[in-house]
Amino acid sequence: MTDEPLLRAAGVTKAFDRLIACRTVSLELWPGEVLGIVGESGSGKTTLLRCLSGELAPSTGTVEFRTLESGFEDVHRMGEARRRFLMRAQWGVVHQNPRDGLRMRVSAGGNVGERLMAGGARHYGHIRAEAEDWLDRVELDRGRIDELPTLFSGGMQQRLQIARILVSKPRLVFLDEPTGGLDVSVQAKLLDLLRRLTRDLGLAVVIVTHDLGVARLLTDRLMVMRRGRVVEEGLTDQVLDDPHDAYTQLLVASVIGA
Amino acid sequence: MEAIRLEQVSKGFTLHLRGGIGLQVLRDLNLGVETGECVVLHGASGAGKSTILRCLYGNYRPDAGRVRVRSEAGLVDLAAASPREILALRRTTLGYVSQFLRVVPRVPAIELVMEPLLERGVTLVEARERSAAILDRLDIPARLWDLPPATFSGGEQQRINIARGLVAERPILLLDEPTAALDAANRAAVVALIREAKARGTTVVGVFHDREVREAVADRVLALEALEVAA
């Protein structure tokens, strides 16, 4: 366990014209910790995630990431080149729509191998072997390594996107509704994979989901958002088993078997 | 030396979906448990037995009072601890066996049992050996070990749950009716495991409806009565 968080956000607010999508959100995330952000559509959870992952600049507030080289750096004040480098090397974003996270004109193996090459790998045989290993880990047929992702189903594309992100062993991963379009069986496999990786690699994860069952099994801590505000937060089992806020009680009461 | 001390603990629930009805379960509860002691909570349903166990595991947040447990770092108040501190205590100090197994689907039974050991840094080989040993003692046939427990019987699932809770030999064990779905032979196996844990100095707080089990493990029985429903 480290004494310093990996990610630190303070007073993050994002307004689009007059609409305030998320309001004064603060949080800290440690290595190996999985934080879930739950809430209904329009609650601001995806906006918050995009502010945290550097994709969207907040109107006010700061987001700091502890880099390997120089400690805490403000994600939104660093230069574009630096941010792109960090996004490739030290953290990863798994998009809700796999087409946003994949290169659709590059083969499945190429999509996975590309991030290894960006990290300095040069030996073709090693890159291919590792790409094959990752296809296995996300249960994609390694015989289809040379096919374009356009030939894959939505669920397969999502698994490929996750392999592409995790192959470079990031320290921090952002996931936006990653299991949304997947079969229940594949969803379970991915949950298991993500849990192992957080344990084995000390990976920190921020996951946005509206599925409280996924949140229960995957996350350590939970933030419940409504209308741009965090209405309740705490250990995941505390929030789900002993919800204090009226809205959280409604959410928990509305699902089956979470 | 005390392993657990509850001081003036109160816990109620406000049911917002029911017009904000208040339900008071614990009021000003005081309880000390010595290291190595086994205290059995006894009383009608609604008396707060599970609520006490959940407060001791950091699962319920008490409204008032202190819930102190002894860890490697001394006494820690769960009611005031951060989520990270509670997670650390669960890894190192607190074992909890709930009434139901709730786990990621498709994960083989033996890996579920290995998980608490791996979280504490035990090697894969040792974790597998220790998990196999406890599954064997709980009479789970080896052919089931590599299958996910979703299709297991209720009794088998409960034994996987017990194995998961006991395998890491944490110093404090919280047991919520672990023997409810078990036959006599398996109940006896669980009783033997609890007694061995006690012999190692493990502190146990549990709820056991079965009188034989209660008499076999309890050093002290704490009788609880339900509070009246507050307005």
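## A shared core, a contact and a strand trio

The largest nonpolar core has 132 residues, and A:Val205, B:Leu56 and B:Leu174 are those with the most contacts inside it. Such a core is a set of buried Ala, Val, Leu, Ile, Met, Phe, Trp, Tyr and Cys residues joined through C-beta atoms within 7 Å; buried means that 20 or more other C-beta atoms lie within 10 Å of a residue's own, with C-beta atoms placed from the backbone. Helix H6 (residues 154-166) of chain A gives this core its largest share, six residues.

This is a predicted model: local features need pLDDT of at least 70, side-chain atom pairs count only at pLDDT 80 or more, and totals for chains, interfaces and linings use all residues. Residues are numbered from 1 along each chain as its sequence is written, while chains are lettered from A and ligands numbered from 1 in the order in which they are written.

Now to where the chains meet. The contact (C-beta atoms, placed from the backbone, within 7 Å) takes 17 residues from chain B and 21 residues from chain A. On the chain B side, H2(B) gives the most, with five residues.

Next, the strands of chain B. Helices (H or I, at least four residues) and strands (E, at least two) are DSSP runs, numbered from the N terminus, and two strands pair if DSSP finds at least two bridges between them.

| Pair in chain B | Sense | Bridges |
|---|---|---|
| E1 (residues 2-15) and E4 (residues 64-71) | antiparallel | five bridges |
| E4 and E5 (residues 74-77) | antiparallel | four bridges |

B:Glu7 stands opposite B:Arg66 in E4(B), and B:Val69 stands opposite B:Val76 in E5(B). Two residues lie between E4(B) and E5(B), which form a hairpin.

How values were computed: Buried ≥ 20, exposed ≤ 12 C-beta atoms within 10 Å, placed from the backbone. Contact = placed C-beta atoms within 7 Å.
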